[in-house]
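Me: I would like to learn how to read a structural model feature by feature. Could you give me the general idea each time, and then the case at hand?

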Amino acid sequence: MDFHDSPEEAAFRKEVRAFVAAEAPKPDTDARPGMQGARERNKAWTKKLADKGWVAPAWPKEYGGADMSVMEQFIFNSELAEARAPRIGGIATAFVGPTLIVHGTDEQKEKFLPGILSGEDVWCQGYSEPGAGSDLASLQTRAVRDGDDFVVNGQKIWTSGGHIAKWMILLTRTDVDAPKHRGITYFVADMKAPGVSVRPLVNMAGTHEFNEVFFEDVRIPASHVIGEENRGWYLAQTTLSFERSNIGGAVGARQNVEDYIKFAKEEPTSTLRNNAALKAELMDRFIEAGVAGVLSLKIVSIQANEGIAPGHEASVAKLYGTELNQRIQRTGLKMVGMYGQLNGKTEGVDVPMNGRITYAYLRSIANTIEGGTSEIQRNIIATRGLGLPRG
Ligand SMILES: Cc1cc2nc3c(=O)[nH]c(=O)nc-3n(C[C@H](O)[C@H](O)[C@H](O)COP(=O)(O)OP(=O)(O)OC[C@H]3O[C@@H](n4cnc5c(N)ncnc54)[C@H](O)[C@@H]3O)c2cc1C
């Protein structure tokens with residue numbers, strides 16, 4: 001594939017670059033960004049993207065999206081990443097909107113899509129449970145029909161943004177006798193409904209991102225079932241022609257290594273001086289960030305040329321990118337030596353890079369769990385990619 005821009009793509013890139021340069025907020029240097037803080041800071045940026053019609057690049061125009069081609073999305077995402085501009089929308093634009101567009105009723109689209117497009121409504125994903133993560137189809141949260149409602153009881157866990165979300169996409173078991181993939185129903189749950197309680201979980205990096213969410217006799221109207229009852233498992237796989245290269249992650253990895261190289265050159269506290277082994281390690285990370293970029297190009301070429309969704313290739317990029325981030329942060333931690341014990345700003349101590357390296361190291365541990373663990377990605381690559389037998 002020729003990755004040079006066509007004249008139309010070059011013009012589009014120029015437009016995005018100029019827009020981002022004029023409107024995006026300055027990159028955030030806070031070592032430990034909180035979700036709510038980031039949301040407040042990005043409010044004006046979200047509004048500008050919404051006014052421009054760029055909150056949902058992949059959605060069709062008739063639903064308020066930008067209807068960008070896969071290559072246009074790739075350019076858009078690359079430009080935002082290069083400028084370190086915040087990504088907006090999260091799961092709401094990536095999963096929720098596409099699922100509603102494909103499977104929702106007209107009423108549901110009217111009710112839920114505008115809040116996503118304006119960036120006002122935060123959504124969370126109620127899939128994982130204490131006994132169902134990698135094996136998600138084992139989920140036990142029950143929904144039982146009662147008149148015009150369903151009554152829901154159970155528990156979700158690791159719910160990112162559950163404490164600030166207005167709505168949750170919720171997977172529940174509605175038929176206990178059916179094979180496990182077939183008795184699951186997909187709901188939209190109101191996070192403020194009576195009987196919903198949210199308990200914070202603070203991660204090892206010290207930030208509150210995810211939660212436990214409990215459902216006690218929560219009534220959800222039947223009009224909030226998305227698609228058919230008991231077909232929720234299949235809905236949960238819906239995506240539109242959504243660019244899945246994770247180019248933002250690859251660019252972010254490169255920028256991260258570049259920041260550490262700059263730090264190594266300029267900071268007297270850096271242990272890199274006279275440490276040839278550590279310098280070599282940093283160069284390895286720089287090269288590996290380049291490899292992550294190539295894996296992103298491979299995915300976008302599959303999507304743009306063959307018009308198919310990437311399968312095991314997306315798992316390769318996820319696995320490589322998340323394990324790379326952990327290696328980058330381990331290298332970073334070695335660079336700051338004993339300062340690596342200080343997570344964030346510390347009174348009376350001039351902590352290198354505001355403790356950003358330590359925070360990034362601690363936060364990176366979750367990368368190989370969230371969105372499907374490394375072992376699960378390896379299983380996908382082995383069976384679907386290499387055709388090896390299940391074992
Ligand atoms: C930061 C973060 C944010 C998250 N946000 C959300 C969210 O918003 N909503 C949500 O629903 N969930 C969320 N999750 C949950 C996440 O999807 C699960 O943690 C993940 O799918 C793994 O499930 P589990 O934790 O139950 O681990 P388990 O599935 O119990 O796995 C435990 C270990 O066994 C391994 N393992 C399991 N099955 C196999 C197998 N078949 N072959 C080989 N090894 C295997 C795993 O790789 C892992 O090492 C989040 C998780 C994190 C860390």
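Me: Let us take Thr271 to begin with: does Thr271 count as buried, partly exposed or exposed?

Reply: The model is a predicted one, and the idea is to look at relative accessible area, where under 20% is called buried and over 50% exposed, with partly exposed in between. Thr271 has a relative accessibility of 31%, and therefore counts as partly exposed.

Me: Where in the chain is Thr271 placed, and which residues is Thr271 in contact with, leaving aside its neighbours within four places in sequence?

Reply: Thr271 is in the loop between helix H8 (247–266) and helix H9 (276–306). With neighbours within four places in sequence left aside, its contacts are Leu278, Lys334, Met335, Val336 and Gly337. As for distance in space, the C-alpha atoms of Thr271 and Arg244 are 37 Å apart, although 27 residues separate the two in sequence.

Me: Helix H8 came up just now; what can be said of Gln255, which has its place in helix H8?

Reply: Gln255 has a relative accessible area of 7%, and because that is under 20%, Gln255 is buried. Apart from residues up to four places away in sequence, Gln255 touches Ala81, Glu82 and Arg84. With Ala81 there is also a polar pair to look at, since a polar atom of the Gln255 side chain lies 3.1 Å from the backbone oxygen of Ala81.

Me: Is Ala24, in the loop between helix H1 (7–23) and helix H2 (35–41), buried or exposed?

Reply: Ala24 has 17% relative accessibility, so it counts as buried. Not counting residues up to four places away in sequence, Ala24 touches Phe19, Trp45 and Ala85. The C-alpha atoms of Ala24 and Phe286 are separated by 27 Å, and these two residues are 262 residues apart along the chain.

Me: And how should I read Glu129, a charged residue whose place is in the loop between strand S1 (123–126) and strand S2 (142–146)?

Reply: The accessibility is again what decides, and at 8% Glu129 counts as buried. Its contacts, not counting residues up to four places away in sequence, are Leu139, Gln140, Thr141, Gln155, Lys156, Ile157 and Leu171.

Me: Next, backbone angles: what should I expect of phi in general?

Reply: Most residues other than glycine have a negative phi. In this structure Trp158 has a positive phi, near 65 degrees, and is not a glycine. Asn230, likewise not a glycine, has a positive phi of about 70 degrees. Trp158 is found in the loop between strand S3 (149–157) and strand S4 (167–173), while Asn230 is in the loop between strand S8 (225–226) and helix H7 (232–235). Trp158 is partly exposed, with a relative accessible area of 47%.

Me: Which residues come nearest to the ligand?

Reply: To read a binding site, one can list the surrounding residues and then look at individual atom pairs. There are 17 residues around the ligand, and those that come nearest are Ser128, Ser134, Trp158, Thr373 and Glu375. The shell is made up of six nonpolar, eight polar and three charged residues. Helix H12 (residues 374–385) gives the most to this shell, with three residues.

Me: Which atoms of Gln125, Trp158 and Ser160 lie 2.8 Å or 2.9 Å from a nitrogen atom of the ligand?

Reply: For Gln125, a backbone N or O atom lies 2.8 Å from a ligand nitrogen, and for Trp158 a backbone N or O atom lies 2.9 Å from a nitrogen of the ligand. With Ser160 the atom is a polar one of the side chain, 2.8 Å from a ligand nitrogen. On its own the ligand has 970 Å² of accessible area, of which the protein covers 65%.

Me: Finally, how does the radius of gyration of the chain agree with that of a compact globule?

Reply: For 391 residues a compact globule would have a radius of gyration near 21 Å, and the chain agrees with this, because its own value is 22 Å. The C-alpha trace spans about 75 × 50 × 50 Å along its principal axes, and the chain has twelve helices and eight strands. Of the 391 residues, 46% are buried. Among contacts with a separation of 6 or more, 71% are between residues 24 or more positions apart. The chain exposes about 19400 Å², and carbon and sulfur atoms supply 53% of that area.

Conventions
Residues numbered from 1 in each chain as written. Predicted model: local features only at pLDDT ≥ 70, side-chain atom pairs only at ≥ 80, totals over all residues. Heavy atoms only, no water. Buried < 20%, exposed > 50% of the residue type's maximum accessible area, 1.4 Å probe, protein only. Contact = heavy atoms within 4.5 Å. Near = heavy atom within 4 Å. Polar contact = N/O pair within 3.5 Å; in protein donor to acceptor, adjacent residues only side chain to side chain. Areas by Shrake-Rupley, 256 points an atom, 1.4 Å probe, with all protein chains shown as cover. Helix = DSSP H or I, 4+ residues; strand = E, 2+ residues; numbered from the N terminus. Nonpolar A, V, L, I, M, F, W, Y, C, P; charged D, E, K, R; others polar. Rg over C-alpha atoms; globule rule 2.2 N^0.38 Å.
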